[in-house]
Amino acid sequence: MLTTDVPGGARPEASLTRIVRGDEGRSTMSEIDQARLEQFVGQAVGDMAAAISGLLLHIGDRLGLYQAMAGAGPLTPEELAERTGTAPRYIREWLSNQAAGGYVVYRPDDGTFELPAEHAAVVADENSPVFLGGAFEAIASCYSDHDRLVDAVVTGAGVGWDQHDERLFSGVHRLFRPGYAAHLATEWIPALDGVDEKLRSGASVADVGCGLGAATMILAEAYPHSTFVGYDYHQPSTETARKAAAEAGLERRVRFETESATEFPGTGFDLICLFDCLHDMGDPLGAARHIRRALASDGTVLLVEPFAGDGLAENLNPVSRAYYGFSTVICTPASLAQPVGLGLGAQAGEARLTEILTEAGFTRVRRAAETPFNLILEARP
């Protein structure tokens with residue numbers, strides 16, 4: 001059993017080494033590389049700390065603790081508790097965890113804690129392109145679904161989007177929206193051949209797999225002469241998106257319908273978009289074929305997918321680690337719950353995505369742009 005009790009003021013790392021090697025420093029597992037073992041124990045302990053701290057990050061996000069600290073300078077636990085209507089004893093423990101993880105700065109001379117502006121951009125500012133609060137909300141939803149997910153891993157059954165804890169929907173929306181707001185109208189659309197000009201003049205656009213409609217409404221606000229329709233098979237999401245469009249005053253040019261990616265109505269679209277959703281579909285090839293038929297002869301498909309290389313060896317990095325995690329508990333189960341159930345996965349890579357689009361009848365597919373988190377592909381008939 002690992003312990004954080006540190007006799008004689010020794011650092012925790014020394015205690016871990018002693019536990020692995022034995023009290024007298026002798027190897028207790030002679031056939032194991034002790035240095036490698038010690039290194040991995042440290043890595044696992046780091047992941048353990050990150051896992052529980054992720055829950056605390058979600059709590060801080062949900063209770064507005066980070067938002068209350070942003071720009072406030074040094075605060076005592078009592079001051080932060082007063083600002084947020086929370087209990088000081090819990091806030092002291094929460095802040096201590098945040099300080100140990102480097103999320104906030106602790107000042108021992110006066111017992112205060114401060115959230116640096118750079119950190120606030122990640123955990124407090126929902127309009128920041130690097131805001132990650134939504135990711136931890138989505139992850140928290142998956143912990144709530146763990147019994148269903150364990151059963152799925154054993155049986156091979158799918159887990160539909162509608163079967164998840166509802167925090168998944170808002171968490172994914174909050175995770176992706178800042179990136180779309182930062183890049184979609186300013187970089188990704190202009191990277192497509194002639195599409196920006198079409199949208200400025202007035203075009204017909206479909207957003208397939210629109211979720212809560214974040215990208216649809218970002219485009220609608222950027223291109224006031226165009227019309228937009230968002231399709232998603234999850235009715236609660238389209239209902240929420242419809243209300244959001246009305247609140248934003250966009251209902252005359254934006255509508256949301258509950259339809260599947262393989263059966264949505266309409267033809268002659270100038271632009272059809274898929275944002276981080278093709279890999280979630282049970283039949284991505286069937287969806288791509290239907291999209292090809294719904295597209296105008298000179299139309300364009302904008303496909304945004306999680307960034308990935310074409311093989312696992314190219315994806316052994318922190319971003320892909322997160323994406324493989326999401327893929328295991330969200331994306332692949334969603335695909336397996338639908339007809340065909342291809343299970344493409346969130347790290348399909350450009351070559352596999354291009355293969356699907358080409359088989360669906362697109363003759364030109366190219367990488368139009370990229371970010372550390374996304375591949376942006378352009379496909380044409």
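Which side chain of opposite charge is nearest to Asp-280, and how far away is it? In this predicted model, the nearest such side chain is Arg-352, at 15 Å, and Asp-280 is buried yet has no salt bridge. Asp-280 is found in the loop that runs between strand E6 and helix H13 (284-294). Apart from neighbours within four places in sequence, the residues in contact with Asp-280 are Cys-331, Ala-334, Ser-335 and Gln-338.

The surroundings of this loop can be placed within an annotated region. An unreviewed UniProt entry records the feature "domain: Methyltransferase" at residues 200-324. Across residues 200-324, helix accounts for 34% of the chain and strand for 28%, and the C-alpha atoms at the two ends are 37 Å apart.

The nonpolar interior comes next. In soluble globular proteins, nonpolar side chains tend to be buried together. Here the largest nonpolar core has 30 residues, and those touching the most other members are Leu-184, Ile-189, Leu-199, Leu-219, Leu-271, Phe-275 and Leu-302. Helices H9, H10 (195-201), H11 (214-222) and H12 (235-247) are among the elements that each give two or more residues to this core, as are strands E5 (254-258), E6 (269-275), E7 (295-306) and E8 (364-370). Helix H11 supplies the largest share, 5 residues. A second core, separate from this one, has 29 residues, including Ala-206, Ile-272, Ala-288 and Leu-357.

Leu-184 shows how the members of the largest core meet. Not counting residues up to four places away in sequence, Leu-184 touches Gly-179, Ile-189, Pro-190, Ala-215, Ile-218, Leu-219, Phe-275 and Leu-302.

Aromatic rings add a further set of links, with a count of 7 aromatic pairs. In one of them, Tyr-106 and Phe-113 have ring centres 5.0 Å apart and planes at 35°, so the pair is tilted. The two partners differ in exposure: Tyr-106 is partly exposed, with a relative accessible area of 43%, whereas Phe-113 counts as buried at 4%. In another pair, the ring centres of Phe-176 and Tyr-180 are 5.9 Å apart and the planes are at 10°; because planes under 30 degrees apart count as stacked, this pair is stacked. Both residues belong to helix H9 (residues 167-188), where they are 4 residues apart, about one turn of the helix. Tyr-180 has a relative accessible area of 6% and is therefore buried.

Ring pairs also join Phe-176 and Tyr-180 with Trp-188 and Phe-275 in a cluster. Phe-275 thus connects two parts of this account, being in that cluster and also in the largest nonpolar core.

Note on methods. Residues numbered from 1 in each chain as written. Predicted model: local features only at pLDDT ≥ 70, side-chain atom pairs only at ≥ 80, totals over all residues. Heavy atoms only, no water. UniProt positions renumbered as here; feature names shortened; annotations may be inferred. Phe/Tyr/Trp six-rings, centres within 6.5 Å; stacked < 30°, edge-to-face > 60°. Buried < 20%, exposed > 50% of the residue type's maximum accessible area, 1.4 Å probe, protein only. Core = buried A, V, L, I, M, F, W, Y, C linked by side-chain atoms within 4.5 Å. Contact = heavy atoms within 4.5 Å. Lys, Arg positive; Asp, Glu negative; His and termini not counted. Salt bridge = Lys/Arg side-chain N within 4 Å of Asp/Glu carboxyl O.
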